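Here's a quick briefing to read with the model open in your viewer. Grab a coffee and click along as you go.

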Amino acid sequence: MCETTSSARPRAVISRSALATAARLAVDSGGGLADLRRDAWGHGVLAVAHAVTAAGAVQVLVDSTGEAEALALEGIDAVVSGEPDIEPARLYGLPESDGTLVTRPVLRLVGHVLSTKRLRAGDAVSYGYTHRAVVDTKVALVTGGYAQGIVRALGNQAHVEIEGTQRPIIGRVAMDVCVVDLEGADVAVGTEATYFGGTGAAAPALARWAQVTGLSIGELVTVAGAHAERGWEA
């Protein structure tokens with residue numbers, strides 16, 4: 001059952017097939033040392049270590065000797081120093097700065113619709129009332145806020161994908177939730193909302209996030225992946 005409180009965290013859903021494909025492409029592009037610091041950029045160090053070494057990587061770079069020793073028990077050669085030469089953007093399926101994707105993103109960040117309500121033209125939303133409805137519309141309260149890496153600057157500047165359509169985030173992003181303009185659509189409580197990743201319109205969204213926030217795509221995916229509830233899919 002879907003949680004229906006604002007404290008419910010968004011999910012960082014890792015695709016096993018996307019990870020295997022991305023790891024193979026990254027290793028085939030050259031290099032032997034993969035960067036798995038910061039819990040494999042928020043993707044989970046153990047799973048990525050297995051995938052990238054299965055694809056042919058010689059070593060993985062991690063943050064601590066404890067992680068290196070734990071991976072050694074798995075038969076994986078991990079080091080805590082060195083210059084990684086396997087391209088991280090390929091390994092994690094991250095977009096280029098212009099939104100181009102070489103392969104499917106490994107991680108997709110998803111929230112869900114907590115509730116919906118109608119707004120009349122002129123009604124304002126969220127803290128500070130930085131957005132007022134221009135026309136009558138319907139909005140959704142969606143799990144995921146700045147505490148989970150959905151940076152405040154994304155309010156009024158970015159979109160989420162709901163039922164295959166990109167919908168704008170409106171008003172200020174709160175700690176655990178944000179408001180999304182459904183633009184008249186009827187959406188059920190519990191419906192998934194994809195912030196970035198996956199195979200739909202939100203797949204390259206991190207490129208837009210980087211433009212808006214001034215943070216790198218790597219920083220954005222790492223923080224979001226680390227603060228969301230991690231799950232798996234095929």
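Which residue in S3 is the bridge partner of alanine 34? That would be valine 60. One thing to keep in mind before going on: this is a predicted model. The points below start with the sheet around that pair, then move on to a couple of single residues, the annotated domain and the nonpolar cores.

**The three-stranded sheet**
- Strands S2, S3 and S4 make an open sheet in the order S2-S3-S4, and the pairing is parallel.
- On the edges sit S2 (33-35) and S4 (78-79), each of which pairs on one side only.
- Three bridges link S2 to S3 (residues 59-61), running in the parallel sense.
- Valine 60, the S3 partner of alanine 34, turns up again in the core section, as it's among the residues of the largest nonpolar core that touch the most other members.

**Alanine 54**
- You'll find alanine 54 in helix H3, which covers residues 45-54.
- Is alanine 54 buried or exposed? Its relative accessibility is 68%, and the cut-off for exposed is over 50%, so alanine 54 counts as exposed.
- Alanine 23 is 31 residues away along the chain, yet the C-alpha atoms of alanine 54 and alanine 23 are 8.5 Å apart.

**Threonine 191**
- Threonine 191 belongs to the loop that runs between strand S11 (177-181) and strand S12 (192-196).
- Loop or not, threonine 191 counts as buried because its relative accessibility is 13%, and buried means under 20%.
- Its side chain reaches the backbone oxygen of alanine 188 at 2.7 Å.
- Beyond its neighbours within four places in sequence, threonine 191 is in contact with Gly111, His112, Val113, Ile162 and Glu163.

**The annotated domain**
- An unreviewed UniProt entry lists residues 106-233 as "domain: Alanine racemase C-terminal".
- Over residues 106-233, helix makes up 16% of the chain and strand 38%.
- The C-alpha atoms at the two ends of that stretch are 10 Å apart.

**Nonpolar cores**
- Some background first: in soluble globular proteins, nonpolar side chains tend to be buried together.
- The largest nonpolar core here has 58 residues, and those touching the most other members are Leu36, Val60, Leu91, Leu109, Tyr195, Phe196 and Trp209.
- A second, separate core has six residues, including Leu119, Val125, Val139 and Val179.
- Which residues does tryptophan 209 touch, not counting those up to four places away in sequence? They are Leu109, Gly149, Ile150, Leu154, Ala158, Tyr195, Phe196 and Leu220.

Terms used: Residues are numbered from 1 along each chain as its sequence is written. This is a predicted model: local features need pLDDT of at least 70, side-chain atom pairs count only at pLDDT 80 or more; totals for chains, interfaces and linings use all residues. Side-chain values use heavy atoms; hydrogens and water are left out. Two strands pair if DSSP finds at least two bridges between them. Helices (H or I, at least four residues) and strands (E, at least two) are DSSP runs, numbered from the N terminus. UniProt positions are given in the numbering used here, feature names are shortened, and annotations may be inferred rather than shown by experiment. Buried means under 20% relative accessible area, exposed over 50%, partly exposed in between (1.4 Å probe, protein chains only). A polar contact is a pair of N or O atoms within 3.5 Å; within protein, one must be able to donate a hydrogen and the other to accept it, and residues adjacent in sequence count only if both atoms are side-chain atoms. Contact means heavy atoms within 4.5 Å. A nonpolar core is a set of buried Ala, Val, Leu, Ile, Met, Phe, Trp, Tyr and Cys residues joined through side-chain atoms within 4.5 Å.
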